[in-house]
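This briefing introduces selected features of one protein structure to a reader who has not met it before. Please consult the sequence and the structure shown below while reading the points that follow.

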Amino acid sequence: MKVLYIHQYFKTPQEGGSIRSHYLAKALVDAGHEVVMITAYNGTKKKHTDVDGIQVVYLPVSYDNKMTFKRRMLAFLQFSCWACMESMRQRNIDLCYVMTTPLTTGLVALFNKVFLRRPYIFEVGDLWPRVPIDMGLVTASWQKKILFGAEQLFYRQAKGLVGLSSPITEHLQAIAPQTLCQTVFNISNCTFFKPETKDPDLVKKYGVEDQLVISYTGTFGYANDLGEILNWMKAVADLPIRFLLVGDGAEKEKVRQIITSQAMGNVTLMDHVPKDQLREILNITDAVLISFLPVPSLHTGSPNKLFDGLAAGKLIITSFSGWIDELISKHECGGACATPEEFRAFITPFLSSKDKLNSYQRNARALAEAQFSLDIQSKKWLDLLTQLK
């Protein structure tokens, strides 16, 4: 089978960030299939590269989280147009696999079906357009009507739908009841990330001796609500806790200014790191922090940091309720906090009881192995593609 895989933000392990599409495309290649990946990068001309057997076509479409919402929408549409043209150059395609976000990749899926007679499976990682509407980024009624209409069209024309969480899959099934929908969670790479004793050299390197380390790794975007998380950090400034904030995004300079102006000595701000260095940071980390604005549609997502943290055997802390809170509470590997006071009350017992911390961390790793390992999720995904090809 030859699969045309569309993902605007395809990343390799060396680049870091979300590498779900690398995991899945590599699983296809390992199973004997051929994969052509169409993606974008901040370059000046198109290029072709082989990445672990995946034929990757990089289209020169600049994108940065620091762009305005309108500028990002233009980048989304530009990629869709280029990806449609590139689709025509690919021959003997049996199936298209199209990944959001953004929702505009549905245009590429529909183009392949209507004009090139190729069936497609549509993967949905966030509830677009619900999320930007709920965040107040899309306000005009005519824009909402177009976006909701596009969502319905893309889902109903798909041969199959994949949701990255159960709430997302339920949403897909409600819109496209006649289409096969399946949940394929994000992936815990239990081979790459493992529970480890803290390396004394790394503890010294990052200056976190005798401290409980809580790490946030990922995007510093408006949706991540890191301004509020800084209030959590101030609420425990008297406790032996160090926060590592690792990543990049539109809100990073704002976060930096707050940390500097308020002399927050319990916070270390770091740049985005590749997967190898992320593993280094997780070695000295005790707990992983996941944060979003109090917008329910944001809480249906499947953030990579959750699955990396579970694989590495870390306590998981979220700033919101929803399916993730239910999951980590049920398996006693984490919990949710809504205020600085709740956070202080939640984390204090882990400072006084090493056994409690170790228990939650062991439970995190067990959950990763039992439900979210690469073998489990990739097999489920490959079975779906084989069924629908």
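In what follows, a residue is called buried under 20% relative accessible area, exposed over 50%, and partly exposed in between. The structure is a predicted model. The points below concern a surface patch, a residue of helix α12, the internal cavities and one pocket.

**Surface patch and Met 85**

- Trp 82, Met 85 and Met 88 together form a nonpolar patch on the surface, with an area of about 280 Å².
- Of these residues, Met 85 belongs to helix α2, which covers residues 69-89.
- Met 85 has a relative accessibility of 43%, and it is therefore classed as partly exposed, since that value falls between the limits of 20% and 50%.

**Ser 329 and its surroundings**

- Ser 329 is part of helix α12, which spans residues 323-330.
- The relative accessibility of Ser 329 is 35%, so this residue also counts as partly exposed.
- When neighbours within four places in sequence are set aside, Ser 329 makes contact with Gly 334 and Gly 335.
- Ser 329 and Tyr 360 are separated by 31 residues in sequence, while their C-alpha atoms lie 10.0 Å apart in space.

**Internal cavities**

- The model contains three cavities of 30 Å³ or more.
- The largest cavity has a volume of about 60 Å³.
- Its lining consists of Gly 17, Ile 19, Arg 20, Tyr 23, Asn 186, Ile 187, Lys 275, Asn 304, Phe 307 and Asp 308.
- Two or more residues of this lining are given by each of the elements α1 (20-30) and α11 (304-311).
- Helix α11 contributes the largest share of the lining of the largest cavity, namely three residues.

**Second largest pocket**

- The second largest pocket has a volume of about 410 Å³.
- This pocket is lined by 20 residues, of which Met 73, Val 138, Gln 143, Ile 146 and Leu 147 are the closest to its centre.
- Helices α2 and α5 (141-157) each provide at least two residues of the lining of the second largest pocket.
- The greatest contribution to the lining of the second largest pocket comes from α5, with six residues.
- Helix α2 thus appears under two topics: α2 contains Met 85, and α2 supplies at least two residues to the lining of the second largest pocket.

Notes: Residues are numbered from 1 along each chain as its sequence is written. This is a predicted model: local features need pLDDT of at least 70, side-chain atom pairs count only at pLDDT 80 or more; totals for chains, interfaces and linings use all residues. Side-chain values use heavy atoms; hydrogens and water are left out. Patches are made of residues with over 30% relative accessible area and no salt bridge: like charges are joined within 9 Å, nonpolar side chains (Val, Leu, Ile, Met, Phe, Trp, Tyr) within 5 Å. Accessible areas come from the Shrake-Rupley method with a 1.4 Å probe; for residues, only the protein chains shown count as cover. A salt bridge is a side-chain nitrogen of Lys or Arg within 4 Å of a carboxyl oxygen of Asp or Glu. Helices (H or I, at least four residues) and strands (E, at least two) are DSSP runs, numbered from the N terminus. Buried means under 20% relative accessible area, exposed over 50%, partly exposed in between (1.4 Å probe, protein chains only). Contact means heavy atoms within 4.5 Å. On a 1 Å grid over the protein atoms alone, a cavity is a set of points where a 1.4 Å probe fits but cannot get out, and a pocket is an open set with protein on both sides within 12 Å along at least five of seven lines; lining residues have an atom within 4 Å of a point. Grid points are joined across faces, edges and corners, and a volume is the space filled by probe spheres set on the points.
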